[in-house]
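Here's a quick briefing for anyone opening this model for the first time. Have a look around, then read on.

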Amino acid sequence: MRHEFQPRLHPVPIADLRPTQMTVGMREVYRKRREWRDMSAGEDADFLGQHMLPGVLGPKGRCWIVDHHHLALALHKEGVKSVLVSTLADLSDLGKDEFLTFMDNRNWLHPFNGDGERRPAKDLPKRIWDLQDDPFRSLAGAVREAGGFAKESTPYTEFLWADFYRRRLKRPETDDDFDDAAEKALKLSRSKDARHLPGWVDGGK
């Protein structure tokens, strides 16, 4: 079992990537798709070269990405076939159960469904395009973009914010619902109730 950081400089098919989470915020995916479409041919090539996806090699040499699921799904939906992956660890000699246990203990898995409920790791989707929508994850992304909290390097921190909003706000079903929820979530993010969350910025309330 090898743990050194080894950038993989050759493309990996998006179809071969294994997700380590169950959901994404589809609004955030759509935002990334729009940004991709707005790039010129030279810009998109540079973008792919500068945005390697962090991954872990698991059983049978499969690559499990531990971040940038939104980007991977957006690129897939835009017809991109391959991405660059940086390998955080090579755990390909482990059995499936041992691998999942190790990943879980390293905080490299987030097996929670769209209702914020933890599920068995074996229920993780097998393909990027099988990820389900969690509107509260979109809400967390929108609040972060608005400066409601700082981006952290620790994996899955946005899901902690999503769960914070899920417990306090009604699930947004329409665009108007989402805009209203985003306004309320921004205020919540700067309150003392959120001070335990990563990236919290003291709003003085």
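Is lysine 60 buried or exposed? Lysine 60 is exposed, because its relative accessible area is 73%, over the 50% cut-off for that label. One thing to keep in mind from the start: this is a predicted model. Below is a tour of its pockets, its nonpolar cores, two backbone oddities and its aromatic rings.

**Largest pocket**
- Start with the largest pocket, which holds about 440 Å³ of space.
- Its lining is made up of 26 residues, and Glu28, Lys32, Asp67, His68 and Lys151 are the ones nearest the centre.
- Helices H1 (26-37), H3 (69-77), H5 (135-145) and H6 (157-166) each chip in at least two lining residues.
- H1 is the top contributor here, with four residues.
- Sorted by class, this lining has 10 charged residues, eight polar and eight nonpolar.

**Second largest pocket**
- The runner-up has a volume of about 200 Å³.
- There are 19 residues around the second largest pocket, with His110, Phe112, Tyr156, Phe159 and Leu160 nearest its centre.
- This time H6 gives the most, supplying six lining residues.
- Eight of the lining residues are nonpolar, six are polar and five are charged.

**Nonpolar cores**
- The largest nonpolar core has 21 residues, and the members that touch the most others are Leu17, Leu53, Ile65, Leu75, Val83, Val85 and Ile128.
- H1, strand S4 (53-57), strand S5 (63-65), H3 and strand S6 (82-90) are the elements that give two or more residues to this core.
- H3 provides the largest share of this core, at five residues.
- A second, separate core has 17 residues, including Phe164, Leu188, Ala194 and Leu197.
- What does isoleucine 65 touch, leaving out residues up to four places away in sequence? Its contacts are Leu17, Arg18, Pro19, Thr20, Leu53, Pro54, Gly55, Ala72, Ile128 and Tyr156.

**Two unusual backbone spots**
- As background, most residues other than glycine have a negative phi.
- Lysine 60, though not a glycine, has a positive phi of about 65°.
- You'll find lysine 60 in the loop between S4 and S5.
- Asparagine 107 is another non-glycine residue with a positive phi, near 60°.
- Look for asparagine 107 in the loop between helix H4 (96-105) and strand S7 (132-133).
- Asparagine 107 counts as partly exposed because its relative accessible area is 32%, which falls between the 20% and 50% cut-offs.

**Aromatic rings**
- How many aromatic pairs does the structure hold? There are seven.
- Take tyrosine 156 and phenylalanine 159: their ring centres are 6.5 Å apart and their planes sit at 45°, so this pair is tilted.
- Tyrosine 156 and phenylalanine 159 are both buried.
- These two also turned up earlier, among the residues nearest the centre of the second largest pocket.
- Ring pairs also join Phe149, Trp161, Phe164 and Tyr165 into a cluster.
- Phe164 from that cluster is one of the residues in the second nonpolar core too.

Key
Residues numbered from 1 in each chain as written. Predicted model: local features only at pLDDT ≥ 70, side-chain atom pairs only at ≥ 80, totals over all residues. Heavy atoms only, no water. 1 Å grid on protein atoms, 1.4 Å probe; cavity = no way out; pocket = protein on both sides within 12 Å on 5 of 7 lines; lining within 4 Å. Points joined across faces, edges and corners; volume = space filled by probe spheres on them. Nonpolar A, V, L, I, M, F, W, Y, C, P; charged D, E, K, R; others polar. Core = buried A, V, L, I, M, F, W, Y, C linked by side-chain atoms within 4.5 Å. Buried < 20%, exposed > 50% of the residue type's maximum accessible area, 1.4 Å probe, protein only. Contact = heavy atoms within 4.5 Å. Phe/Tyr/Trp six-rings, centres within 6.5 Å; stacked < 30°, edge-to-face > 60°.
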